[in-house]
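Please walk me through this model in a viewer, one selection at a time. I would like to know what to pick next and what is found there.

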Amino acid sequence: MASTDARDQPEQPDQRVPRDVLGLLGPTSPGPAVSGEPVVSGQPAVSGQPAVSGEPAFDGHRPPPAEVVADCVHCGFCLPSCPTYLLWGEEMDSPRGRIHLIGQGLAGEPLSPAMVEHFDRCLGCMACVSACPSGVRYDTLIERTRQQVERRHDRSPRERALRSAIFALFPYPRRLRLLRGPLRAYQASGLRRVVDRTGLLRRLAPTLATLESLTPRLTRASRPPRRVPAYGPRRAVVGMLTGCVQSAFFPGVNSATVRVLAAEGCEVVINPERQGCCGALSLHSGREEEARRFARDLVDAFAAEHLDYFVVNAAGCGSALKEYGDLLADDPAYAERAAAFAARVRDLSELLVELGPVATRHPLPVSVAYHDACHLGHAQGIRSQPRELLRAIPELELREIADPELCCGSAGVWNVLNPEPAAKLGDRKARDVLATGASLLVTANPGCLMQIAAAVPRVADTPGAAGSPGGRSVALAHTAQVLDASIRRLPVERLLS
Ligand code: SF4
Ligand code: SF4
């Protein structure tokens, strides 16, 4: 595939990737690619928006570290892994370009709308962190930059309203759960098919249409218990995050996680009435104070428990939880506790491999394509553990997806804020998934599950689409559900239905 071609040329990292390298570009894509210099000097190559004169881009509160900017040697090895560079072919929409802009901000340039646009376009997928041979911590740079942008940049009223609506809903599991009833009624009524057919919602309210298309088919959900004992001798006491989107839209994933942990000898402490959002969405969107508030609340929710581990089954949440020590480092009341809490955080697959299996795995005759969620693979470096767990299931055949480092376009709320490019990335990932011929796609993030589930029918319904067998489909599941099915000796049809 074209993107593979681009990565096949690591010895020529500065060579520009053709603008249509992924076949993703449409007539509405931004303007022409800038020239191929490794570093673009002067103003960012975006037109149409005047720079704001006045104060330097960044203030003294947690600015992006200048020494991290200096680590970048402008080699360009990160460019072929960057979805926004592949989408738009703009230097300033590449990691190298964004680091250059951050450097300009640190040198005293004001925070122009053009700069903000390039920072906003970053998915925060951290593929560039994995790709960088110099170890540049782009994750730190973009996180601190986003915090400055949210504090210091005056967004348009429309943008402010959209972001306020998103952040008044998504980080609040109780509010999300209140939507379950009306959404289930809507899905059962057949209205969804009418909405799909007419395309009316997309024309009248594109953001709502995006949310509607991402919402999975909802099933019954029961409230999780406060505590679940280990099955057999207890090996560890484990706190568990139920999450916001996970608990509202994928309660079956949480139930499966609890069963697997219990089967592997873990006593699971859930405290559902006490825990709320972990702050991941806020942290990854630059809403620092909000993220800190959620982090303090979660640390408090489990303060009375004596936990060996705190387990997470959503990649984005896990990566944020592991950062609590840094997030609350300047809070004297929480710094130590937050760092201790973060040290106990494990992704489900990470913990299960660390503990080693005791529960018997029964055969699951199914072909599985495993998708690395960016915040698991790139942000936490967890790639081998889920594969090891899946390969240990008898009769399960594991297949790899082409270009596994490329984001599916979900990226927290990026797909809600940027529906068109997100759909292009989602379609590309769905084509790669279908090309494996696997019956089941497995991943460990609710955002990826929703994004790929929405893209598969679009791609599969397009006969002859590149890379798509046309008309084919694939079932989706979380790693926990596959392990649970194997341990409980469930028929594989339960996963494929
Ligand atoms: S971030 Fe790393 S890979 Fe990308 S240009 Fe800089 S040094 Fe090279
Ligand atoms: S985080 Fe992802 S989208 Fe952002 S610069 Fe890095 S590779 Fe590109």
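Which element gives the most residues to the shell around ligand 1? It is H4, which supplies three. Keep in mind throughout that this is a predicted model.

**Stop 1: ligand 1**

Select ligand 1 and the residues around it; there are 15. The closest are Cys72, Cys75, Cys78, Arg96 and Cys132, so label those five before going on. Now colour by element: H4 and helix H6 (127-131) are the ones that give two or more residues to this shell. Coloured by class instead, the shell shows 11 nonpolar, three polar and one charged residues.

**Stop 2: ligand 2**

Move to ligand 2, which has 14 residues around it. Those that come nearest are Cys82, Pro95, Cys122, Cys125 and Cys128. Here the elements with two or more residues in the shell are helix H3 (83-88), H4 and H6. The class count for this shell is 10 nonpolar, three polar and one charged.

**Stop 3: H4 against H5**

Keep H4 (residues 95-106) on screen and add helix H5 (residues 113-121). Their axes lie 10 Å apart and make an angle of about 140°. The two helices are therefore oblique to each other. The crossing of H4 past H5 is left-handed. To see the contact, show side chains for Gly97, Arg98, Leu101 and Gly105 on H4, and for Met115, His118 and Phe119 on H5. By class this contact has three nonpolar, three polar and one charged residues.

**Stop 4: the five-stranded sheet**

Next, select the open sheet with strand order E1-E3-E2-E4-E5, in which the pairing is mixed. Its edge strands are E1 and strand E5 (345-347), and each of them pairs on one side only.

Where does the antiparallel pairing of E1 with E3 show up? Select strand E1 (residues 227-228) and strand E3 (residues 266-269): two bridges join them, and they run antiparallel. Val228 stands opposite Val268 in E3.

Now add strand E2 (residues 236-240), which pairs with E3 in the parallel sense over four bridges. Two pairs are worth labelling here. Ala236 is opposite Cys266 in E3, and Val237 is opposite Glu267 in E3.

Two helices can be added to this view. H15 lies across E1, E2, E3 and strand E4 (309-312), and runs at about 145° to E3. Helix H21 (residues 348-355) lies across E2, E4 and E5, running at about 95° to E5.

**Stop 5: H15 against H27**

Hide the strands, keep H15 (residues 251-263), and bring in helix H27 (residues 479-487). The pair packs at an angle of about 50°, with axes 8 Å apart. That angle makes H15 oblique to H27. H15 passes H27 in a left-handed crossing.

For the contact, select these two sets:

- on H15: Gly252, Val253, Ala256, Thr257, Arg259, Val260 and Ala263
- on H27: Ala480, Gln481, Leu483, Asp484 and Ile487

Sorted by class, this contact has seven nonpolar, three polar and two charged residues.

**Stop 6: the four-stranded sheet**

Finish with the open sheet of four strands in the order E7-E6-E8-E9, where the pairing is parallel. Which strands stand at its edges? They are strand E7 (396-400) and strand E9 (475-478). Each has a single partner strand, so one side of each is left without a neighbour in the sheet. On average, neighbouring strands of this sheet are turned by 35° against each other, direction ignored.

Zoom in on strand E6 (residues 366-370) and E7, which pair in the parallel sense over five bridges. Label Val366 and its bridge partner in E7, Leu396.

As a last selection, show helix H26 (residues 446-460), which lies across strand E8 (440-443) and E9. H26 runs at about 180° to E9.

Note on methods:
Residues numbered from 1 in each chain as written. Chains lettered and ligands numbered in written order. Predicted model: local features only at pLDDT ≥ 70, side-chain atom pairs only at ≥ 80, totals over all residues. Axes fitted to C-alpha atoms, helices over the stretch in contact; angles between N-to-C directions. Parallel < 35°, antiparallel > 145°, perpendicular 65-115°, else oblique. Left-handed = near helix turned anticlockwise from the far one by under 90°. Contact = placed C-beta atoms within 7 Å. Nonpolar A, V, L, I, M, F, W, Y, C, P; charged D, E, K, R; others polar. Near = placed C-beta within 6 Å. Pairing = 2+ DSSP bridges.
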